[in-house]
Amino acid sequence: MATKQELIDKNHAYWKDRFTALDDRTFEDAGKSIDRIRDAFDYACREIDKEIERFYSQYADDSGLTLADAQQYLRDNERKEFQADVTEYIRMVTSDDDSRFSKLLDSLSTRARITRLEALRAKTAMYINDAYGKESDALHDSCQKALESNYLRTAYEIQNGVGKYEAFQQIDKKSIERILSKPWTPDNKTFKYRAWTNKEQLIHTLTQVFTRGFVSGIDSKEMTKTVKDRFNVAEYAAARLVNTEAAYFASEGSRQSYQALGITKYQILATLDDRTCDICADLDGQIFNMSDYEVGLTAPPFHPNCRTTTVPYIDDPVLTAGEERTARDPDTGKTVLADGGLTYNQWKEQFVTDDDEEDEEE
Ligand SMILES: [Zn+2]
């Protein structure tokens, strides 16, 4: 007979193993979104480089390009061509945001005189706006996937671990959107707002890069290098945003699953490696009541880029694969013995009910 302590240790090792795998999956998915964002940013950066090269080849003379050169007005044909591009862009981008950017574009599409520098800034802003549109989509997908997937996978792991399969209700689409649009950080900002702020920031930064560059008389090579540096900073911020938000929504998915299954306690599980910070190392292994669940204090993420997660804390002994499990048939309500264990997909097929699908059938 195993001692009680041995059972507790075995339980802990079991949950740790299963939930580490869940956590890895979350960050692997987030990594795919980050790749999508990198591609979008790299594309924007390359196109802006081309605009800069074109700008220098058109307007620089032997002594280089001064701020005064950059502030010359576009010739009529140049302005008409530029305004046609802007008008086309406004038509394509169905944006409901009332940013400085859209106001700028509106005014540029109709103005009688536009400087070369204004045109360069506007084109730059359009590429950045496109890149952030892609970031916004990737970020939303990533958060939604983290929430939905962790909600179900946490339920599966618990039911599979304690050896009782029962019907489980997927979160409906409306609730998902409500959760995703709710701010969770102390500054009360949503991830959508953060991405928007980062976009405005990059547009502003590059505007400064251009003006300063022309004032100090740098060449196109130096300017494109500075632009690339700023893009690298923006890419890092975007990756951190995706990782942190995905970590939060994965955590939230698990929390809601714990609640739905009546779990009363959870334990902190930090990824212990050379990157683990002191905050997370100290919290690792601590057990909290669900009633004390508070993101940033007793629940992850504890900081940006946090990789710490939670596991359910259950006193019941945990079965291992091959041992007896019971299943309550979702249709008849009868409890039957289930041989071995179900895979996640088998479980999902048999036990997960989905409100949205039922609505469509009605
Ligand atoms: Zn940490």
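**Close-up views of the predicted model**

**View A. Strand 3 and its partner, strand 5.** Strand 3 and strand 5 (residues 309-313) run antiparallel and are joined by 5 bridges. This, like everything shown in these views, comes from a predicted model. Look for Tyr266 in this pairing: the residue standing opposite Tyr266 in strand 5 is Pro312.

**View B. Strand 3 and strand 4.** Strand 3 also pairs with strand 4 (residues 287-289), again in the antiparallel sense, and here the count is 3 bridges. Tyr266 turns up in this view too, facing Phe288 of strand 4. So Tyr266 is a handy landmark for both pairings, with Phe288 across from it in strand 4 and Pro312 across from it in strand 5.

**View C. How enclosed is strand 3?** Strand 3 covers residues 265-269, and 4 of those 5 residues are buried, so the strand is largely enclosed by the rest of the structure. For background, buried residues make up 32% of the 362 residues in the protein.

**View D. Helix 5 against helix 8.** Here we move to the helices: helix 5 spans residues 116-162 and helix 8 spans residues 220-260. Their axes come within 7 Å and cross at roughly 30 degrees. Angles under 35 degrees count as roughly parallel, so that is what we call helix 5 relative to helix 8. The crossing of helix 5 and helix 8 is right-handed. Sort the residues of this contact by type and you get 13 nonpolar, 8 polar and 4 charged.

**View E. Helix 1 against helix 8.** Helix 8 has another packing partner to show, helix 1 (residues 4-59). The axes of helix 1 and helix 8 are 9 Å apart, and the packing angle is about 160 degrees. Angles over 145 degrees count as roughly antiparallel, so helix 1 gets that description relative to helix 8. The crossing of helix 1 and helix 8 is right-handed. As for who sits in this contact, the residues divide into 19 nonpolar, 5 polar and 5 charged.

**View F. Stepping back to the whole chain.** To place the close-ups, zoom out: the protein's secondary structure comes to 11 helices and 8 strands. Taken along the principal axes, the C-alpha atoms fill a box of roughly 90 × 55 × 30 Å. What is the radius of gyration of the protein? The value is 27 Å, whereas a compact globule of 362 residues would have one near 21 Å.

How values were computed
Residues are numbered from 1 along each chain as its sequence is written. This is a predicted model: local features need pLDDT of at least 70, side-chain atom pairs count only at pLDDT 80 or more; totals for chains, interfaces and linings use all residues. Axes are lines fitted to C-alpha atoms, for helices over the stretch in contact, and angles run from 0 to 180 degrees between N-to-C directions. Helices (H or I, at least four residues) and strands (E, at least two) are DSSP runs, numbered from the N terminus. Angles under 35 degrees count as roughly parallel, over 145 as roughly antiparallel, 65 to 115 as roughly perpendicular and the rest as oblique. A crossing is left-handed if the near helix is turned anticlockwise from the far one by less than a right angle, and right-handed if clockwise. Ala, Val, Leu, Ile, Met, Phe, Trp, Tyr, Cys and Pro count as nonpolar, Asp, Glu, Lys and Arg as charged, and the others, Gly among them, as polar. A residue is buried if 20 or more other C-beta atoms lie within 10 Å of its own, exposed if 12 or fewer, and partly exposed in between; C-beta atoms are placed from the backbone. Two strands pair if DSSP finds at least two bridges between them. The radius of gyration is taken over C-alpha atoms; the globule rule is 2.2 Å times the number of residues to the power 0.38.
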